[in-house]
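Please look over the model shown below before reading on. The report that follows is meant to be read with the sequence and the structure side by side.

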Amino acid sequence: MSDYNIEDLNLQIEQDFSGISDLQALEALRIKYLGRKGILAELTAGIVDLPASKKPGFGKQINQIKQKVLGLLETKKQDFKDGALKPDALGMQVDVTSPGIAQELGHRHLITQVIEEISDIFIRLGFVVVEGPEIETEFNNFTALNIPLEHPSRDMFDTFYLTSRSKERLLLRSHTSPVQIRVMQSRKPPLAVIVPGKVYRPDAVDASHSFVFHQIEGFMVDENIGFADLKGILQLVAKSIFSDKIKMRFRPHFFPFTEPSAEVDISCIICQGKGCSVCGRKGWLEILGSGMIHPNVFKQVGYSSGQYTGFAFGMGVERIAMLKYGINDIRLFFENDLRFLRQF
Amino acid sequence: MKVTYNWLNDFVDITIPAEELAEKLTMAGLEVTHLEKRDGDFVFELEITSNRPDLLSVIGIAREVAAITDSKLRPLHIKGLRSLKQKTGQLTIKIENKNDCPLYTAKVIKGVKIESSPDWLKRRLELVGLRSVNNIVDITNYVLMETGQPLHAFDLNRIKDDTIFVRRAKGSEKIVLIDGEKHNLTKDSLVIADRQKPIAVAGIMGGRDCEVVQETCDILLEAAIFHPITTRRASRLLGLSSESAYRFERGIDMQAVESASLQAVNLILKIAGGEFVLSKSTPRPKTKQQIITLKHNRIKRILGSDYNIREIKQILNALGFTVGKQSRTDCKISVPSFRIDVSQPVDLVEEIARISGYEKIPSRLPRIIPQDARAYSKWIKTRQVKNILISQGVNEAVTYSLLSRRCINEFGYPDTKLMTVTNPLSSEQEVLRPSIIPGLITCIGYNLNQRQKDIRLFEIGNIFRNNQEKPFLGIAYCGKEPEKTLRLLRGLLEILCYRLGIAKYEFGFTRYPCFPKDVSLSLIVNKKICASLGMIKPAILENLDIKDYLFAAELDLELLFAEIEKAQKRYIPVPLYPEAARDISIILKQNIPVGDVIKRIKLNQIRYLVEFNLKDEYLGKQIPPGHKGLTLSCIYQARDHTLTTQEVDISHQRVLDILRTAFSAQQR
């Protein structure tokens, strides 16, 4: 027995178990300590030679060592099952600060992301997505929307006209609203529709103007749709896009195709309404135009304004994206610099 | 439109500070875009919407102020005036077409003294952005700003024969206006003329010849109505805008012409002296009092909230409407003549909502009824396509859909099929793109200049050809190794088809405007060319100063979407028994297409061969000239048992035999 000092043995066990790398080695250790001719067996056999007074104490110590070995065997076995030990054991050094490696994915353009995000909010509410053509007739773009041909209200909508062989004057739609006309001409209420798309206006290009940009139009028509519904929907949507914390205000405005009409402002997301350079010290940011669909528009599509009411709204996608992501130049969207695209 | 706090105070007692008033005006639809404290007054700059010409005046805005601050409007009190001579004959007014000019009034004041204006008048005009000229001109401008009625003063003694004609200009007529510019007139311009020549462009600007100057002593004061469209056309044609044209285009209150004119006469007599000698007017056109029946339940339907009749009455009265006969369900509302924008019940509903405040309307969520959206599935398919491309590491671009004709021509698209804009801002945005490729290539050029690498872009958008617009997918790759880049691009189209469930497609040679003919492939699905891909012609790249190889593809999404509709994936049982894979390395004559080899092997339906594909293609020292090295991968598998080596050997030998006999392939 005297070959083994109990303390040394304890150290030896710990060393043995910490160094093992697989189940086979673990088994070898089991045999080494607990096997039929193992160390513990040898120690137990030696008890006989001890003086009677030392026998119980020594037996207890042997038993403790046995329990320790059994415990270590069990934990190590579990560790192997969990896979925790293997890589370490294969000699790998883990540097916790070393960055990961990722598969390079492409990026959806930010305009697409914003359109999809906003559309998805509406889809969840039960709206359907409809897209219309970019080439439109004067009727759909203006006349049917209660915009008389030679009226100052047209000044809001400067328009690109197309050379065309057909009799009807064609143009590049200056807003997504003509899709209202297309949908209402072909379908009967109830309608809840969202229209994302490209629009065109002859604006000289600068940091905040572009002759091509994107809009999202939405409208809803049914028997009892009121301004209160417009408010409810837009509040939900604006909070979903920006944050729960924003405040909103509906400001009377004029659009030929809605009455009453409202421009919608949100409290400035940069300064929280205190006034900064982004909101022009006003504390508010205009984000969209909206209103109740004008009875004259219903008349053009053959809906009875005695039976139906509806709301409509339109927002600029680039504007929303610029506000939400702090982009200061609209040209960035169309330059497609990879260093821009890859940020989103 | 600029207006000052003190000027408004002439018409309404304002009980709140300027900042608060600005806030209230904004929330009532008169957006205050700027507020400035100046010379002991506050200048409000307001954005007046085009439907509200009545707000292009101090009185109009004061009326709104009264309504939103619960105050009373003090209307303009005009001293009754009688001209000295009521005789006719001294001045004749001849209107060519009553439609162009429904009302024309003229007042003659003799013996005025032209001086600079008193300080108070100068200051008010300057605060609202008008330059002081002389007392007469300033008074006409002052009354214009106050009442919204444009006025014009002529030097009476320069008008020939005391006759005023309101007529369309003749083709050859010219006029020098008070801005000093000479303008050619056409029959689209309405003019004020004497017997000889035009003396003003009606409603837009006066002529220099009859301008009120230092020496003037007798004046003719014009107050009239000109047709909005006539004014607008002439104003656009001549490229001229003015405070008066701005108002005539939007519409003038017929009822206020006379009072505004008298107000000006009063001020002239007071400030410039003289005698009011003559007042002349064309007959006032008959106007009908507009009465609208407003149903109470309509307010509730449109706004979603209730208003009691007292509130309604108070708002409408404050705005100048008269609430007439009332019943339990509706009331009759008379519209004042200055509110030309109000013609239907909804217009009144807006007034009620606006003045009581939009914030008073509650918000609620509507009940939305499910709709059949099957017809609108293009949106979803487009998203699917985008997601597949993104997963392959391609970045989405959004480029301008209007391009220059030069750019389009360089890419080989002929002029005849292009759609062009008649009023482009510049030649850079003249043509609607007939292809997505030019825009994408330009983008790659931009990124190369920014020293970007691994540029792979795609864009989905409409292209325009032959008067039609169609959704297309464009892809562009930049690469140093041309063969590999082309195969990467082709692989992208293949995986796109595969992931969309389109199993049958093939590639062939084709021609495409911007690809050389031997590096121009087509993707054929269901016998139709669905996509074209190839290398961008070097000449195009040279023009763009691009030195790398560029490859592009363009895909007709309508054709692709039609195939997606048909595609239906079916489950194929997962193999129960293991496969055996063997590779073959051969040397083949270079002119033998790999596709032919693969097709031939597949046609032979070799037992247990489930996959046969090109693994690698190479040229190098070990390969004799005129030949290429190929590695082909074969996978053998049986559905009902594990293959024995012998079974695989037999099949594999057949593959090797065919390669040798049909293609003289040498095994390496």
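This report goes through the two chains, the place where they touch, one pair of helices and two chosen residues.

**The chains as wholes**

The structure is a predicted model, and it should be read with that in mind. The table sets out the general values for each chain.

| Chain | Residues | Helices and strands | Radius of gyration | Span along the principal axes | Buried residues |
|---|---|---|---|---|---|
| A | 344 residues | 13 helices, 10 strands | 38 Å | about 120 × 45 × 45 Å | 39% |
| B | 668 residues | 19 helices, 31 strands | 40 Å | roughly 125 × 65 × 45 Å | 41% |

How does the radius of gyration of chain A stand against that of a compact globule of 344 residues? Such a globule would come out near 20 Å, whereas chain A has 38 Å. For chain B the corresponding globule of 668 residues would have a radius of gyration near 26 Å, while the chain itself has 40 Å.

The contacts inside each chain can also be sorted by how far apart the partners lie in sequence. In chain A, when contacts between residues at least 6 apart are considered, 64% of them join residues at least 24 apart. In chain B, among the contacts with a separation of 6 or more, 69% are between residues 24 or more positions apart.

**Where the chains touch**

How many residues of chain B are in contact with chain A? There are 72 of them, and they meet 64 residues of chain A. On the chain B side, helix α12, which covers residues 378-391, gives the largest share, namely seven residues. Sorted by class, this side of chain B consists of 33 nonpolar, 25 polar and 14 charged residues.

**A pair of helices in chain B**

Helix α18 of chain B (residues 594-603) and helix α19 of chain B (residues 645-663) have axes that come within 11 Å and cross at roughly 130 degrees. Because of this angle, α18(B) counts as oblique to α19(B). The crossing of α18(B) with α19(B) is right-handed. From α18(B) the contact is made by B:Val597, B:Arg600 and B:Ile601, and from α19(B) by B:Val655, B:Ile658, B:Ala662 and B:Phe663. In terms of class, six residues in this contact between α18(B) and α19(B) are nonpolar, none is polar and one is charged.

**Two valines of chain A**

Is A:Val193 buried or exposed? A:Val193 has 23 C-beta neighbours inside 10 Å and therefore counts as buried, the cut-off for a buried residue being 20 or more. A:Val193 belongs to strand β5 of chain A, which runs over residues 191-200. If its neighbours within four places in sequence are left aside, A:Val193 is in contact with A:Phe127, A:Val128, A:Val130, A:Val183, A:Gly218 and A:Phe219. A:Asn63, by comparison, is 130 residues from A:Val193 in sequence and 78 Å from it in space, taken from C-alpha to C-alpha.

A:Val94 is placed in a loop of chain A, between α5 (86-89) and α6 (110-125). Within 10 Å of A:Val94 there are 7 other C-beta atoms, so this residue is exposed, given that 12 or fewer is the cut-off for that label. A:Val94 and A:Val199 are separated by 105 residues in sequence, and their C-alpha atoms are 54 Å apart in space.

Terms used
Residues numbered from 1 in each chain as written. Chains lettered and ligands numbered in written order. Predicted model: local features only at pLDDT ≥ 70, side-chain atom pairs only at ≥ 80, totals over all residues. Axes fitted to C-alpha atoms, helices over the stretch in contact; angles between N-to-C directions. Helix = DSSP H or I, 4+ residues; strand = E, 2+ residues; numbered from the N terminus. Parallel < 35°, antiparallel > 145°, perpendicular 65-115°, else oblique. Left-handed = near helix turned anticlockwise from the far one by under 90°. Contact = placed C-beta atoms within 7 Å. Nonpolar A, V, L, I, M, F, W, Y, C, P; charged D, E, K, R; others polar. Rg over C-alpha atoms; globule rule 2.2 N^0.38 Å.
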